[in-house]
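This report describes a single protein chain for readers who have its sequence and coordinates at hand. It begins with charged side-chain pairs and then turns to the nonpolar interior, the surface and the confidence of the model.

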Amino acid sequence: MTDTDTDTATDIATVSEAVAARRHGKRPPKVLRMSVELPLWRALTGYRILTLVYTLCLVALSYRHYDHPLGAAAYMGVLTVWMALTWRCTTSAERCTRQFLVADLGFAIGGILLTLVVDSHARIMDGGPTLPSIWTAGAVLGFAIKGGWRWAAVASTIVAVANLVERQELARDTIHNVVLVWVASVGLGYVVEVARSSERTLARALQIEAATRERERLARDIHDSVLQVLAMVQRRGAEIGGEATELGRMAGEQEVALRTLVAGGLVSPSGIRFGAAASAVPHPAGEGGRAGTPAPAGTAVASAGDGPCDVRALLAPYAGAGVTFSEPGAPVTLPAAAAAELAAAVSAALDNVRVHAGAEAHAWILVEDEPHAVIVTVRDDGPGIPEGRLADAEREGRLGVALSIRGRLRDLGGSAEWVSVPGQGTEVELTVPKGGAPGGGKRGKAGVCTSRG
């Protein structure tokens, strides 16, 4: 067992929160340092203090029965001073050093052997307690928590030998106490080792989850920008012809390669990039009111921060000849970051309408403000989605649904549901819970949405 295994508590949880906080320009939350060892160290500290008080009372009650009572009192005085100077050493793994554990065990062994000198032979043979009594177990348990069951086995064996030397025979009660301490310390040490292994596994799983989420976010950004542009260049090149045809073909090849990389690439936990700007900027309908056309100047975006933002202000620019927008009469507020992600998911849904339903398809956007969630429904009158097509698209690396829509809603604690009947169009229902959105869905005066242009 290495020092890293025994001295370092695992940092658990808030990895994903730190990624999200830095991405939105906020101070990351303080990492909560959790460990199953911490309660054990605190319990050990309490045990040592309580057993010291018990031992002092025990020696005081038997003071007149010792052959050398002053020797017993001197030992208890030294032990009390030792406890007063070192009680904090058992409050954490960092403070509990090997040197302290050895010295603490030395005090226990010394007290056991000193009993031969200060106590009478008759009391020892009758099974009288040693000077440190049950305080000795604290020293052994410290080895168990610090170093696992192997350290506990060595320490408890040393204590067992000292007890047998002090009793000078294999008495039943002595063997019983020795076995009890040995089993308890070894069992505790084994549990600590298993808990450490579980913590490392959990920490690794959290790192992988954070890396996966960051990878999905980057993939969404790529899908919403680079892949869209490459696809547009490919189409326009084929339409223009001539030299543009070759340019379109090359753009198509790069689009396929990039989709494959995004769909199957891996991002190691050490490669997590904090502070990357999210591209959750909606692309409203441009000239002609068709969904998915390049965004003109003056696009509504959500400014940085967690203040409330009126979702209607972000979705209204999508309205046009090909898109009908329906909204409540009152503001529909979400935190700015959540509103921007929801608007980006709506943009991706409208892009799908344009690409798959055709330029003549009509789309409807309906915003609903429910008590616990904001629901945005995007419906079109296109040909619908064949059964199994969404799963096939995800396997092919076309991640508009998997990442740009479902991924965004999942990160907000929401959901995206598709209802499609061939020949009757498609309906996408996007739900964002107000309590689960970044910022907790706090209400306030809407107006955080600003314009860029």
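Ten salt bridges are counted in this predicted model. In general, side chains of opposite charge can pair when their charged atoms come close. Three of the pairs are listed below.

| Basic residue | Acidic residue | N to O distance |
|---|---|---|
| Arginine 150 | Glutamate 193 | 3.6 Å |
| Arginine 312 | Glutamate 327 | 3.6 Å |
| Arginine 354 | Aspartate 351 | 4.0 Å |

Arginine 150 forms a salt bridge with glutamate 193. This pair links distant parts of the chain, with arginine 150 in helix α8 (residues 149-167) and glutamate 193 in helix α9, 43 residues apart. Arginine 150 is partly exposed because its relative accessible area is 47%, whereas glutamate 193, at 17%, falls under the 20% cut-off and is therefore buried.

The second pair joins arginine 312 and glutamate 327. Arginine 312 belongs to helix α11 and glutamate 327 to the loop between β3 and β4 (333-335), so the salt bridge ties together parts that are 15 residues apart in sequence. Here arginine 312 is buried, with a relative accessibility of 16%, while glutamate 327 is partly exposed at 43%.

The third pair, aspartate 351 and arginine 354, lies within helix α12; the two residues are three apart, about one turn of the helix. Aspartate 351 is buried at 7% relative accessibility, and arginine 354 is partly exposed at 23%. Elsewhere, salt bridges that share partners connect Asp310, Arg312 and Glu327 in one network.

The nonpolar interior comes next. In soluble globular proteins, nonpolar side chains tend to be buried together. The largest nonpolar core of this model has 35 residues, of which Leu315, Leu334, Leu342, Val346, Ile365, Val376 and Leu430 touch the most other members. Elements that each supply at least two residues to this core include helices α11 (311-315), α12 (336-357) and α14 (400-411), together with strands β3 (323-326), β5 (363-369), β6 (373-380), β7 (415-420) and β8 (426-433). Helix α12 provides the largest share, eleven residues.

Leucine 334 illustrates the packing around one core member. Neighbours within four places in sequence aside, leucine 334 is in contact with Gly307, Pro308, Cys309, Val311, Ala339, Leu342, Val374, Val432 and Lys434. A second core, separate from the largest one, has 30 residues, among them Val59, Ala108, Ile112 and Val159.

Nonpolar side chains also appear on the surface. Leu164, Leu170, Ile175, Val179, Trp182 and Val183 make up a nonpolar patch whose combined accessible area is about 540 Å². Helix α9 (residues 172-240) gives the most to the patch, with four residues. Valine 179, in helix α9, counts as partly exposed at 44% relative accessibility.

Glutamate 246 lies in helix α10 (residues 243-264) and is partly exposed, with a relative accessible area of 38%. The C-alpha atom of glutamate 246 is 9.0 Å from that of glutamine 234, twelve residues away along the chain.

Confidence in the prediction varies along the chain. The average pLDDT is 76, and 72% of the residues score at least 70. Residues 28-33 have a pLDDT below 50, and this stretch makes 16 contacts in the model beyond near neighbours in sequence. Residues 265-304 also have a pLDDT below 50, with 103 such contacts beyond near neighbours in sequence.

Terms used
Residues are numbered from 1 along each chain as its sequence is written. This is a predicted model: local features need pLDDT of at least 70, side-chain atom pairs count only at pLDDT 80 or more; totals for chains, interfaces and linings use all residues. Side-chain values use heavy atoms; hydrogens and water are left out. pLDDT is the predictor's confidence in each residue, from 0 to 100. Contact means heavy atoms within 4.5 Å. A nonpolar core is a set of buried Ala, Val, Leu, Ile, Met, Phe, Trp, Tyr and Cys residues joined through side-chain atoms within 4.5 Å. Buried means under 20% relative accessible area, exposed over 50%, partly exposed in between (1.4 Å probe, protein chains only). Patches are made of residues with over 30% relative accessible area and no salt bridge: like charges are joined within 9 Å, nonpolar side chains (Val, Leu, Ile, Met, Phe, Trp, Tyr) within 5 Å. Accessible areas come from the Shrake-Rupley method with a 1.4 Å probe; for residues, only the protein chains shown count as cover.
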